[in-house]
Amino acid sequence: MKASSFVETLLSKMTLEEKVGQMTQLSIDTICFGEPYQLSDPLQIDPAKLDYVVKELKVGSILNVGIYAHPVERWQELIGAIQEAAAHTQLSVPILYGVDSIHGANYTQGSTLFPQQLGLAATYNTDLAEQLAAVSAYETRASGIPWTFSPVLDLGRQALWPRLWETFGEDVHLTTQMGLAMVKGYEGEDIAHPHRVASCLKHYAGYGFSWTGHDRTPVYLGERQLREYHLAPFAAAIKAGAATIMINSGEINGIPVHASRQMLTDILRDEMGFEGIAVTDWEDIRYLHTRHRVADNHKEAVRMAIEAGVDMSMVPMDATFTTHLIELVKEGTISEERLDVSVRRILRLKERLGLFEKTHQPLESFPEFAAQKSAELSRQAARESLILLKNEGGQLPLDASKTVLVCGPTADSMVSLNGGWSYTWQGERSDEFAEAHNSILQAVVERIGADKVRYVRGCSHDEIIDLEEAQQAAEEVDQIILCLGEQSYTEFFGNLNDLYLPDAQMLLTDALLSTGKPITLVLAEGRPRLIREIEPSIPSILLSLYPGNEGGNAIADVLYGDTNPSGKLPITYPRFPNALHTYDHKYSELQSIQGAPRIYAPQFEFGHGLSYTQFSYHSLALDKSQYAQTDRIHIKVDVENSGPRKGQEVVQVFVSDLYASITPPVRRLRAFSKITLEPGERQTIEIELAVSELAFVDLQNQWRVEAGDFTLRVANLEAAFKVTD
Ligand code: BGC
């Protein structure tokens, strides 16, 4: 992208200090009263600090707020004060404010909160993803902020990872399609539009696949796997024009990504052609010295990161980056031309966002902030995100005329519906900020009437509270809705050593099972907590993956049959803690030699999800039996709603490359389509797939489709075809 003459002129007027300032991003902590990380609530700007940061350090970007969601009016004031200070600097370059609006404008009070990405992925509905990203952009812009650190394009292929719920799950195709839809929703046709924001693809790349499952611990990845799986969604979103990326905090094969010229320049710029901003993650240049220990001092860490290709440093609490980068240029270690490359990109983004004309629009320009229709969209997304894992004997939907005990640690908790990055970084204050919204309990009460509902919590996340009372109450009702799962957590705070649900939740389950009353289990969690021991005794199980503020209502909608569930698992739900496979595993993971136990036996398969109606598939047909490399495959299949209710179905197309020079996975999801069918309705679904989309990364690390035999599967149907050279 060529910078405009406006940007070139501006750049030519800049001092070294101003350029380094543009490459510096500080936290809002640094301009407020109070100590960094310990701000008082609600925070207040300290004019002296603001002056220092904007006028002396000349910073180009400020970010976030970790402890408190502001009302939208307050955001307008804060941004107004920051931009006002910037307007009084030498060149009046506006500040680029960035925020983690990851499931709505989640740092703005009263905004519309949607399902987190993993729940959204379960909808397989790219239109919904685009629409809700557009609402999120609108409400973020209403808060005066033009840049969101979203979407996450890391793959969720490690069930233990505390950021699994921030991903679109384990599959490359689903992640790519949902990611593209969100970028489109955020950026629209033109990010200059006052209702759109710049997106930030994170965390480039390979972040989520750590050996230990703990956050920011080492990843070991072969280049082929890195390219074929982890880079692919980023490559697609960059091609589609995403404005910025955030760099993976971790190390891959011993090389921290922030110090990797191969990742940040050779692949990102030269191969993928990315022209936007590459911002570090939180404090990650310092961590090259203190955590990764590849730099023996901070200044060396700055040199490494800049030489690798970083444009902007999320410092974010002090002036060390700025001071050291200025020194490095003055000493001649880093050239000023190198800085120009990054500063040009940063100024270009500010120009594209229209910040030079107007830093932010007044609140009156956003009459649809937190509009009713956005809440309805959120409820729709939440409904479609719910996955009916099991429904033996048609126990669901529940009979609203029967009495029910609602029980468990997640039953009356907005925290377990929203997860992290909700009002605060850790999301622990959702019950207070989202008080106006219904928890599962409140939604059930609203749906069937308080007189039919008993509530006993039974246990907290991991401690028994009133087990006997719960058991007693269970004896007195017709049925039980047991709500288990997780609270909220973000990053390191969610590290886990054991995927099983805590003992307290198991004991509560056992106590309720002993009553013999029919139980419906509602799991509210951000990653698959193991239920192998209790699953056989529980006839119906509904999974919610942080469905957001409308999650309680949506769960009641499904439990009582007002909504027919349609969510499908975007991950493989494991049965055992030490058997964490993905659906696209290798054939060798399925070995069973001479009666030895089968290795691959998840609790629920990727793509699984039941409905209150039944769908049957017929007449799968391909237009040819043999395809050339440049061909497109035309797939036709009939889907019939053979059950009693209207329902939505996700048609999933899996393809297996039967033999290849690199061991092929057993299958890959290559296409999907979501449809709605009336009872008795039959539709012919047509899906097109380019042969090139079946490529893998070969021995030379190049994408290639090898000639040979393939099998294509849709539900229980199968078709064979060949690809020629
Ligand atoms: C997270 C990022 C986030 C950034 C800014 C980091 O700790 O890894 O995902 O965007 O903080 O809040």
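**Exercise 1. How many bridges join β20 to strand β25, and in which sense do the two run?**

Before solving, some ground rules. This is a predicted model, in which local features need pLDDT of at least 70, side-chain atom pairs count only at pLDDT 80 or more, and totals for chains, interfaces and linings use all residues. Residues are numbered from 1 along each chain as its sequence is written, and side-chain values use heavy atoms, leaving out hydrogens and water.

*Solution.*
- Step 1: Find the strands. β25 covers residues 708–714, and β20 covers residues 647–657. Strands (E, at least two residues) and helices (H or I, at least four) are DSSP runs, numbered from the N terminus.
- Step 2: Two strands pair if DSSP finds at least two bridges between them. Here 5 bridges join β20 to β25, and the strands run antiparallel.
- Step 3: Pick out one position: V653 stands opposite V714 in β25.
- Step 4: Look at another partner. β20 also pairs with β21 (residues 668–677) in the antiparallel sense, over 9 bridges. There, V651 has S673 as its bridge partner.

**Exercise 2. Work out how covered β20 is.**

*Solution.*
- Step 1: Buried means under 20% relative accessible area, exposed over 50%, and partly exposed in between (1.4 Å probe, protein chains only).
- Step 2: By that rule, 11 of the 11 residues of β20 are buried.
- Step 3: Sort them by direction. G647, E649, V651, V653, V655 and D657 point one way, while Q648, V650, Q652, F654 and S656 point the other way.

**Exercise 3. Describe the surroundings of the ligand.**

*Solution.*
- Step 1: Of the 14 residues around the ligand, N64, D100, R163, H203 and D281 come nearest; a residue belongs here if one of its heavy atoms lies within 4 Å.
- Step 2: Sort the shell by type: 6 nonpolar, 2 polar and 6 charged residues.
- Step 3: Check distances to ligand oxygen atoms. A polar side-chain atom of D100 lies 2.5 Å from one, an N or O atom in the side chain of R163 is 2.7 Å from one, and for a polar side-chain atom of R216 the distance is 2.8 Å.
- Step 4: Taken alone, the ligand exposes 310 Å², and the protein buries 96% of that.

**Exercise 4. Find what K299 touches.**

*Solution.*
- Step 1: K299 sits in helix α11 (residues 298–308).
- Step 2: Leaving out residues up to four places away in sequence, K299 touches H324, E327, L328 and E331, where contact means heavy atoms within 4.5 Å.
- Step 3: The side chains of K299 and E331 lie 2.4 Å apart at their closest listed N or O pair.

Technical notes. A polar contact is a pair of N or O atoms within 3.5 Å; within protein, one must be able to donate a hydrogen and the other to accept it, and residues adjacent in sequence count only if both atoms are side-chain atoms. Accessible areas come from the Shrake-Rupley method with a 1.4 Å probe; for residues, only the protein chains shown count as cover. Ala, Val, Leu, Ile, Met, Phe, Trp, Tyr, Cys and Pro count as nonpolar, Asp, Glu, Lys and Arg as charged, and the others, Gly among them, as polar.
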